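Subject: Structure handover

Hello,

Here is the structure I promised to pass on. My notes on it follow below, grouped by topic.

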Amino acid sequence: MKVTPSHPARRIHASHRDEAERIAALIERDVTFWSLRVGEWQITPTGPDLELGRDGGPIIGAADTVAVSLVLARLAGEWLYLTRCGIPIALAGLAAARSAAHFATAEHFTVDDRIAWVLTMADERPPTIARLDLVWASLSRYWTGSGSELSPSDAARIIDLWTGLGTAEAIMETGGDIRLLRDPQTDLNGYGCSHRPRPWAVTFASSTASSVSERGYEAADRVRVRLTATMLRAGNRKALVAEAGAVCRAIGRSFGLPTGGAVVLAASGTDSELLALALSHLAAPDRQITTILLAPEETGSGVPMAAIGRHFAIDTANGHDVAKASPIAGFRPDTEFVTIPLRNDEGDVRQSANVEADVTTAVAAAIGAGRRVILHALDLSKTGLLAPSLPLLRTLRALYGTHLDIVVDACQLRMSPLRLREYLELDAVVQVTGSKFLTGPPFAGAALLPPPVAARLASGKLPAGLDAYFSQGEWPRKATAARGLPVGANYGLLLRWRAALAEYRAFVAVGELRKTSVIERFRTTVERAINRHGIFVLQSVPALQRSGNQWDCQRTIFAFAVRCQAMSDELLDPTAMRSLYRWLNADCSALFVTGVDRHIAGRICHIGQPVVLPNRHGGQTGWLRVSAGARLISGEPSHRGLAIERRLQREMEDLAVIFDKIALLRRHWDRVAAADPVARYR
């Protein structure tokens, strides 16, 4: 019998019901068991650890060790799902065992003799055929009457596909750079979040990065299992290239890409900076380039290096070790770099007229000198600034035509498709991500190319050094210029985008009035929480220069500083704010005595990383950020059982807790600093 994941059909034997119920509850709450919950399943305190192949679904033993039962449940769900896709029992079992082993590793389960195969299947290095034979000998006893042997060719197929097998979270951790890697001590990545759902955390971090939601995770994992089945049948990874094309088409449809345009996938917004520079090389390979970048301190930290064709980290999306800031092969070494600040030396926002005058002057000077210009527009910055205005971009396009390339950094993606189309109509390359406002997993970038720019890919050759960052599958199928790149596609990137697109679908299903009202309620809650304490300073930003009254005309990023003393003009510096940022994301309850303090300190709160800006005292201030993301508007999946109003009330209460916790930590700074609590997944 097929049932929905939220209403599994399961039978629990009467004896030792409490233990069986506990295991069942864990399975029902954890989205990673979705493949088990689509059918009937049983838990029994007696009999074998796992029995498959009989009518009525898998029978999972309520072992004396809960970990064993959960690992076998994870194995059973995926194994059965793959066999329903037509995969032979042995192949399906080994692929499912790889995922179950990743699950056991992520949960830090102790491996006993009953699941000793986990050690082999969790290894990053592919096993030998002899080792796989031993694993299959252990697995085959779970499948009643399988009579199936592992052929050498099937074993070789598993070995060839090894790095493409495993859980969605393990795969989503690949295809980025060092910031994406999970710290085995904390189970969090460099952004303080996870590719596994973390619904117990209060999360308003969409200006930086968010942990994947249950909705996003299941969407990504369903695609992973489908691709696993396809790769097992074919014995190769060609399915990834086809999936990359499907993801590009989905992004194009979602954001209104015009006919003749193209989507290029990039591991991050910074990676997409490299492709934007490469596109200008294709247009005029013999012409010197000037890159004009607005507020580099309010974009990705690696953008200034990528904008002139230099490596921006110590490793790349395709797994190459590189020297940070060194030139990337194939890019011109004489690219000129011009920056235009959006803030003055005291950190205050400059007048838009002055910024736009600087932009106009810089573009005119570079083109007058015979150089090709790449102008980077910012919509929006880390603190929610937009510059230059759309009218100025239209004027510059009319004046300079094809001598000017416009690249819009819309990586925050805090805009409707209407705004995106307005930029594309200017023949601007628009950089987007699924990992900021959309709250998909970190490192999901793309560039939308208008038709005239997409046409450049029909000839020429991309800079050779891009082979460290891109594969052919991330580019349009007919892109002649990309043929020098390695064959394949970035699997982790594809799953991250599938998670982000699930969030986008949920977001667009909400009416415009509802979106606007939720964002307004978010703003009011932030302002009240800040005013309730005497230690916060809310950063003032100008209203967005956008027409109409859609949701994207409202402020969704709120940066704030913390006073050194109540009502003091002196604000905490970036080092102190980075400490607060870490402590917020940690359970600090052990440092406090009273029940109220322990409750507040124990809440795990993940918000936007501090932005470093100059201040009027000649020093620097760190500004933390809380942001309204798509998930706030569509509904946090872990709150699905709540009525809409109760759900929003809970979200706003959680938002207020962030400021309560900061105030508590600030009052007891010395005590907290001495302990320096560490953020962890749980």
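**Cores**

The largest nonpolar core holds 181 residues, and the members that touch the most others within it are L75, W117, L265, W497 and V626. There is also a second, separate core of 35 residues, with A262, A278, M305 and A447 among them. Please keep in mind that this is a predicted model.

L265 has a long contact list. Leaving aside neighbours within four places in sequence, L265 is in contact with A244, V247, C248 and I251 and also with G445, A446, F470, E474, L493, L494 and W497. One of these partners, W497, is itself among the core members that touch the most others. Another partner of L265 is C248, which comes up again under cysteines.

**Helix α10**

Helix α10 covers residues 238-255, and S254 lies in it. F255 belongs to α10 as well.

The side chain of S254 has a polar atom 2.8 Å from the backbone oxygen of A250. Neighbours within four places in sequence aside, S254 is in contact with P417, L501 and Y504.

F255 counts as buried because its relative accessible area is 2%, under the 20% limit. Not counting residues up to four places away in sequence, F255 touches L413, P417, L420, R421, L438, L448 and Y504. P417 and Y504 therefore appear in the contact lists of S254 and F255 alike. As for distance along the chain, F255 and H281 are 26 residues apart in sequence, and their C-alpha atoms are 26 Å apart in space.

**Cysteines**

How many disulfides does the model have? The count comes to 0. A disulfide is a covalent bond between the sulfur atoms of two cysteines.

C248 shows how one cysteine fails to qualify. The closest cysteine sulfur to that of C248 is in C411, 16 Å away, which is too far for a bond because the cut-off is 2.5 Å. C248 is buried, with a relative accessible area of 11%. C85, by contrast in exposure, counts as partly exposed at 32% relative accessibility.

**Largest pocket**

The largest pocket contains about 1200 Å³ of space. It is lined by 43 residues, of which T163, A170, I171, E173 and T174 are the closest to its centre.

Which helices supply at least two residues each to this lining? They include α4 (89-106), α8 (168-172) and α10. The largest share of the lining, 4 residues, comes from α4.

**The loop between α12 and β8**

This loop runs between α12 (303-306) and β8 (336-340), and G309 lies in it. A325 has its place in the loop between α12 and β8 too.

Is G309 buried or exposed? G309 is buried, because its relative accessible area of 2% is under 20%. Apart from neighbours within four places in sequence, G309 is in contact with L274, L277, S326, P327, I328 and F331. G309 and H599 are 290 residues apart in sequence, with 49 Å between their C-alpha atoms.

A325 is partly exposed, with a relative accessible area of 33%. Although A325 is not a glycine, its phi is positive, at about 80 degrees.

**Other backbone points to check by eye**

H108 is another residue other than glycine with a positive phi, in this case near 60 degrees. H108 sits in the loop between α4 and α5 (117-122). Its relative accessible area is 48%, so H108 is partly exposed, below the 50% that exposed residues must exceed.

There are cis peptide bonds to look at as well. One joins D379 and L380, with omega about 15 degrees. L380 is found in the loop between β9 (372-379) and β10 (386-387). Another cis peptide bond joins A387 and P388, where omega is about -10 degrees. P388 is in the loop between β10 and α14 (390-400).

Regards

How values were computed:
Residues numbered from 1 in each chain as written. Predicted model: local features only at pLDDT ≥ 70, side-chain atom pairs only at ≥ 80, totals over all residues. Heavy atoms only, no water. Polar contact = N/O pair within 3.5 Å; in protein donor to acceptor, adjacent residues only side chain to side chain. Contact = heavy atoms within 4.5 Å. Core = buried A, V, L, I, M, F, W, Y, C linked by side-chain atoms within 4.5 Å. Buried < 20%, exposed > 50% of the residue type's maximum accessible area, 1.4 Å probe, protein only. 1 Å grid on protein atoms, 1.4 Å probe; cavity = no way out; pocket = protein on both sides within 12 Å on 5 of 7 lines; lining within 4 Å. Points joined across faces, edges and corners; volume = space filled by probe spheres on them.
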